[in-house]
Amino acid sequence: MKLRIRREAPEHIFPVDDWKIIQTKFDPKYVAHEETVYALSNGYLGMRGGFVEGRPAVDDGTLINGFYEFRPIVYPEEAYGFPRQGQTIVYVPEAKIIRLYVDDEPFDVASAELTHFRRTLDMKGGLLVREVEWITPQGKRVALKTTRIVSFRQRHLAAIDYELTLPDAPAEIDISSELVNPRPKAEESLDPRKAPLFGHKVLMIEGMSCDDQRIIQCYRTQLSNYWVSCGIDHEIETDCDYKTEIKSVEDFGNLSIMADMEPGKTLRLTKYIAYHTEQDSKASELNYRVETTLARAKEKGFERLAEERRDYLDDFWRRSDVRVSVIEPLVGSGDTARPRGQQIIRWNLFQLLQASARVEGFSIPARGLTGRVYEGHYFWDAEIYEVPFLIYTAPEAARHLLKHRYEQLDQARNRARELSHQGALFPWRTINGDEASTFFLASTAQYHIDACIMYAVKKYVDVTGDEDFLFDMGAEMYIETARLWISLGYYPDRHPDRFYISGVTGPDEYTALVNNNFFTNVMAQDNLWNAAQVVERMERERPDAFRELAAKTGLDKSEVDAWRRAADAMFLPYDETLGIHLQDDSFLDKENMDVEGLPPEKFPLLLHYHYLEIYRHQVIKQADTILAMFLLGHRFTIEEKKRNFDYYDPITTGDSSLSACIQSIAAAEIGYTDKALDYLRFAAVMDLSDVAGNVVDGAHLASIGGTWLALVYGLGGLRDYGGQIRFEPNVPENVESIRFPLTIRGQVIEVDARPSGTTYTLREGTGLEIEHQGQTVKLEPGKSVKMPTASKRANP
């Protein structure tokens, strides 16, 4: 795989700080990049990191999870079963704009004469702070500090603290604090991942009010009938004379503050922002909820809101921080004065928190709430790349994501019937539970999403011990996904002892509609085995609940036998000569592609080659067979994993951000330490170094979750199938230590892995048993156990 790093952050502009992302000089070339890097979110409400003045901007805006508009899907050639209606996340009215005029001259960071500029994302406090000093055209100095937060405790709330000072000269000041319903930009793109344009005005005004210093406006989407009420309220503190005017009309509202400021005096404006959404609602009810949120925020004040956010983050870092002490750079540029590794790792972890903290009732979009690419849709990314992190650090958030899938089970049943299947087929990409992807070759055909969701359910239950979830929701999901596999697969006449699954696409989207994709088959096999086991357990342990579920689903016990028989007979293609599992039946029959010989400008292939050309070659977009060997690693030997890695790794392009983290884990396990670190670095800097060249479109949440996987499962060596917590550490010699906490069935252990050995400490709990390289380790409260690590370096 060819690793292509586009940009390293210059240290004189972006200094290294373990807890902060700092920018010390404005440069227009970073505007698009920093709108994503400095975004704030809580999983429900997300604000991209644009400037409060609203300019310069590339794609700034505010998003709310699950707030979408329908769009008709028009096909040049119609066909049965194609989705007719898409769902696209849309920007809600923008409330973070505060414009400044000094002696009638507008402040614009792009054109202003600046003697000081500093923007800081404080990941300990969760604050976005910008400090500037501006010399006006009349030569007056103006100092401005803005601090932005998006609340974790009150997910509908954000706030901005705006502090303006004139150090040495008086001036007439005008401030416009605005609420604007933005007009969509008329831009087309050939990139299929970008959000499409609408042919109609999306948000229609349904009601508005303003009084004193508060503005509330309510809008409704034309087609999806989603309602959003948004409001702003203010507090002003100054010794200077000032007056205010308030205005609210359709698509615009503002509070104007006109002040005669004296030298040395400060004007402080606090802006409180609230959003509430609901489908099929009423303006009066939503506006009332906004009023209540704003009133409570004003009562608390900005300092208290910021303190609550710091407290929330203190708890997050206690549960989640991964601390890496390095002898030489692990991730980040190798030519900086200090390694960026810790800074990069913490930014990734901070993004996982922002995407999941208050995600109740929703899932995590592919780019979180940092951008609109992939239309705000939920994919399998959440279950495979993000849920593991949440299981071990915030199990309640993991439960919310899996519960959301359960709540959309009826729509999955409908989709299965539409495709002539039994059971349930979860959509490849969706917001409301209906399939929204038009390219069925790389979407609907990826049936493995059912198995991936159930894999996450099993991991969640195994690690947390939440058997209520298993039997209240998981069991029903197991029944319906098992039925899907039975109706999709078959026993061929030529091989009646084998169970085949044909016409599917695996995780590798450069190979489509194949027979017996290894990943799909082995994950379906696991799904079927587990479904049979869970149903039989439920009948033994919760007979009343089982009878109720059997009646609800029409379950016949003969079905369970059919699931186990199909799983036992599942065909897993294998080549005896090469000693590898085939990605699919025909993979070796295709022509080889010289991936290493392709020029960098030809990547990603999907933007430069027709899919038919790609499909004809042995070329891989993302880890497929290798991913299966990680997820179900207990079923394969180290030798098998090495042979498969050696074959598939050179033909993997890295065109998917989901791949490098998995390749890092695989390389670490088989002893390819240098490759493991290269792939870890590639995944970790995906956004901060703009590896894919599209960070303007939002953060790559799957790669971010995968970075945690590569650190904890790769270098830390965690293995957990079946709930048995085992460690096979793979810490390289250039790393002094890697330390991380894990929450396991309500208990918290601290792992301190070093090249020579690993120390395990039970930080919270009554006692826990784990394994270290095959040896049983019994942990007791407050005691540390150090275990030596056998070396297994095998760099090629």
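**A first tour of the predicted model**

Visitor: How much surface does the protein chain expose?
Guide: Areas here come from the Shrake-Rupley method with a 1.4 Å probe, and for residues only the protein chains shown count as cover. Carbon and sulfur atoms supply 47% of the exposed surface. The protein chain exposes about 28,700 Å².

Visitor: Before we go on, how many helices and strands does the protein chain have?
Guide: This is a predicted model, where local features need pLDDT of at least 70 and side-chain atom pairs count only at pLDDT 80 or more, while totals for chains, interfaces and linings use all residues. Residues are numbered from 1 along each chain as its sequence is written, and side-chain values use heavy atoms, with hydrogens and water left out. Helices (H or I, at least four residues) and strands (E, at least two) are DSSP runs, numbered from the N terminus. On that basis, the protein chain comes to 18 helices and 32 strands.

Visitor: What is the radius of gyration of the protein chain?
Guide: That value is taken over C-alpha atoms, and the globule rule is 2.2 Å times the number of residues to the power 0.38. For 796 residues the rule gives 28 Å, and the chain comes close to that, so it is as compact as a globular protein of that length. The radius of gyration is 27 Å.

Visitor: What share of the residues count as buried?
Guide: Buried means under 20% relative accessible area, exposed is over 50%, and partly exposed lies in between (1.4 Å probe, protein chains only). Out of 796 residues in the protein chain, the share that counts as buried is 64%.

Visitor: Which residues of the largest nonpolar core touch the most other members?
Guide: A nonpolar core is a set of buried Ala, Val, Leu, Ile, Met, Phe, Trp, Tyr and Cys residues joined through side-chain atoms within 4.5 Å. The largest one has 224 residues. Those that touch the most other members are Leu100, Trp380, Trp708 and Leu742.

Visitor: Which helix gives the most to this core?
Guide: The helix in question contributes twelve residues. It spans residues 467-488 and is called α9.

Visitor: Where is isoleucine 173, and how far is its C-alpha atom from that of valine 102?
Guide: Isoleucine 173 is in strand β13, and its relative accessible area of 2% means it is buried. Leaving out residues up to four places away in sequence, its contacts (heavy atoms within 4.5 Å) include Leu100, Val102, Leu166 and Ile257. Valine 102 is 71 residues away along the chain, yet the C-alpha atoms of the two are separated by 4.9 Å.

Visitor: In what order do the strands of the five-strand open sheet come?
Guide: Two strands pair if DSSP finds at least two bridges between them, and here the pairing is antiparallel. The edge strands, each pairing on one side only, are β8 (105-106) and β17 (241-249). The order is β8-β7-β13-β18-β17.

Visitor: How many bridges do β13 and β18 share?
Guide: Strand β13 covers residues 171-180, and strand β18 covers residues 252-261. Glutamate 172 stands opposite aspartate 260 in β18. The two strands pair in the antiparallel sense, and the bridges number ten.

Visitor: Is asparagine 287 buried or exposed?
Guide: Asparagine 287 is found in helix α2 (residues 283-300). Leaving aside neighbours within four places in sequence, asparagine 287 is in contact with Ile216, Gln217, Cys218 and Ser229. With a relative accessible area of 11%, asparagine 287 is buried.

Visitor: How many residues of α16 are buried?
Guide: Helix α16 is mostly covered, and its buried residues include Ala660, Gln663 and Glu669. They pack against several elements, among them α5 (381-393), α14 (625-631) and β25 (718-719). After α16 comes glycine 671, with a positive phi near 95 degrees. Of the ten residues of α16, the number buried is ten.

Visitor: Which helices do the buried residues of α17 pack against?
Guide: Helix α17 (residues 673-684) has twelve residues and reaches 16 Å from its first C-alpha to its last, close to the 16 Å expected at 1.5 Å a residue (1.5 Å times one less than the number of residues). Its buried residues include Thr673, Leu677, Tyr679 and Phe682. The buried residues of α17 pack against α4 (341-356), α15 (638-648), α16 (660-669) and α18 (701-715).
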